[in-house]
Amino acid sequence: GQPLNTIFNRQDFSFTKKRTGIAAAVLVALFMSLAVIHSRVFSDRLAFWKSAAVHSPHLPLAQRNLGAMYYLDGNLDRAAAQYHKALALNPEEKMAHNNLGLIDAARGEYQKAEAEYKEELAINPHYDNALFNLGLLYYQTNRKDEAARLWLEVLAVNPRYADAYARLAQYYSEKGDAEKAEQYAKAAGLSLPRQ
């Protein structure tokens, strides 16, 4: 007959093969379950940042970005609350004051918005969005020369900021300076209506 060790080796191999297959199937099922459960966190931007804010309550970035998601969804009260949480964690959290300024401006609270934009610029003096937004606020409150000065500052910081070019084109068009209006409109990729 066959040597005894050959018979046992075949049986061991067969048993080991089955055990490995079962273990692999269990692992695959486990990882699939975890992936399905975890995928809910990534189902949309709001779910992701809610999870981040809950699991990292001391991280101002998570709170601020959850606020941004609420803002994008039009939920200004929740957005403002998240920005305030971020600032409570880090009084110098970049972009939070700018975003609060956007909320205040949307509500017509221009003095509060101006204060928020200025607070942002005290922390983050070269933040092009805060400069631009403060310029918009000045424009809306009939401080158009101050607005234009800020939009020029935006372009010094970020020469690719198309909205600043467009706003400057509008400003110079209203001032009757067709040459400068055309120059900024061209830089923005716009064409001014012929008069």
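This passage walks through a helix pair, two nonpolar cores and one buried leucine in a predicted model.

A good place to begin is the pairing of two helices. Helix α2 spans residues 45-55 and helix α3 spans residues 60-72. Their axes lie 8 Å apart and meet at an angle of about 150°. Because angles over 145 degrees count as roughly antiparallel, α2 is described as roughly antiparallel to α3. The crossing of α2 past α3 is left-handed. On the α2 side, the contact is built from R45, L46, W49, K50, A52 and A53. On the α3 side, L61, A62, Q63, N65, L66, M69, Y70 and L72 take part. Sorted by class, this contact holds ten nonpolar, two polar and two charged residues.

Burial within α2 fits alongside this picture. The buried residues of α2 are L46, W49, S51, A52 and A53, and α3 is included in what covers them. Among these buried residues, L46, W49, A52 and A53 also appear in the contact with α3.

Attention now turns to the nonpolar cores. In soluble globular proteins, nonpolar side chains tend to be buried together. The largest nonpolar core of this model has 30 residues. Within this core, the residues that touch the most other members are F132, L134, W151, L155, A164, L168 and Y184. Five helices each supply at least two residues of the core: α6 (110-123), α7 (128-140), α8 (144-157), α9 (162-175) and α10 (178-188). The largest share comes from α7, with eight residues. A second core, separate from the one just described, has 16 residues and includes W49, A62, A80 and I103. Two of these names are familiar from the helix pair, as W49 of α2 and A62 of α3 both belong to the contact between those helices.

One member of the largest core is worth a closer look. L168 sits in helix α9 and is among the residues that touch the most other core members. Its relative accessibility is 0%, and L168 therefore counts as buried, since the cut-off for that class is under 20%. With neighbours within four places in sequence left aside, the contacts of L168 are A148, W151, L152, L155 and Y184. Of these partners, W151, L155 and Y184 are likewise listed among the residues that touch the most other members of the core. A further link along the chain involves A188: this residue and L168 are 20 residues apart in sequence, and their C-alpha atoms are separated by 9.4 Å.

Key
Residues are numbered from 1 along each chain as its sequence is written. This is a predicted model: local features need pLDDT of at least 70, side-chain atom pairs count only at pLDDT 80 or more; totals for chains, interfaces and linings use all residues. Side-chain values use heavy atoms; hydrogens and water are left out. Axes are lines fitted to C-alpha atoms, for helices over the stretch in contact, and angles run from 0 to 180 degrees between N-to-C directions. Helices (H or I, at least four residues) and strands (E, at least two) are DSSP runs, numbered from the N terminus. Angles under 35 degrees count as roughly parallel, over 145 as roughly antiparallel, 65 to 115 as roughly perpendicular and the rest as oblique. A crossing is left-handed if the near helix is turned anticlockwise from the far one by less than a right angle, and right-handed if clockwise. Contact means heavy atoms within 4.5 Å. Ala, Val, Leu, Ile, Met, Phe, Trp, Tyr, Cys and Pro count as nonpolar, Asp, Glu, Lys and Arg as charged, and the others, Gly among them, as polar. A nonpolar core is a set of buried Ala, Val, Leu, Ile, Met, Phe, Trp, Tyr and Cys residues joined through side-chain atoms within 4.5 Å. Buried means under 20% relative accessible area, exposed over 50%, partly exposed in between (1.4 Å probe, protein chains only).
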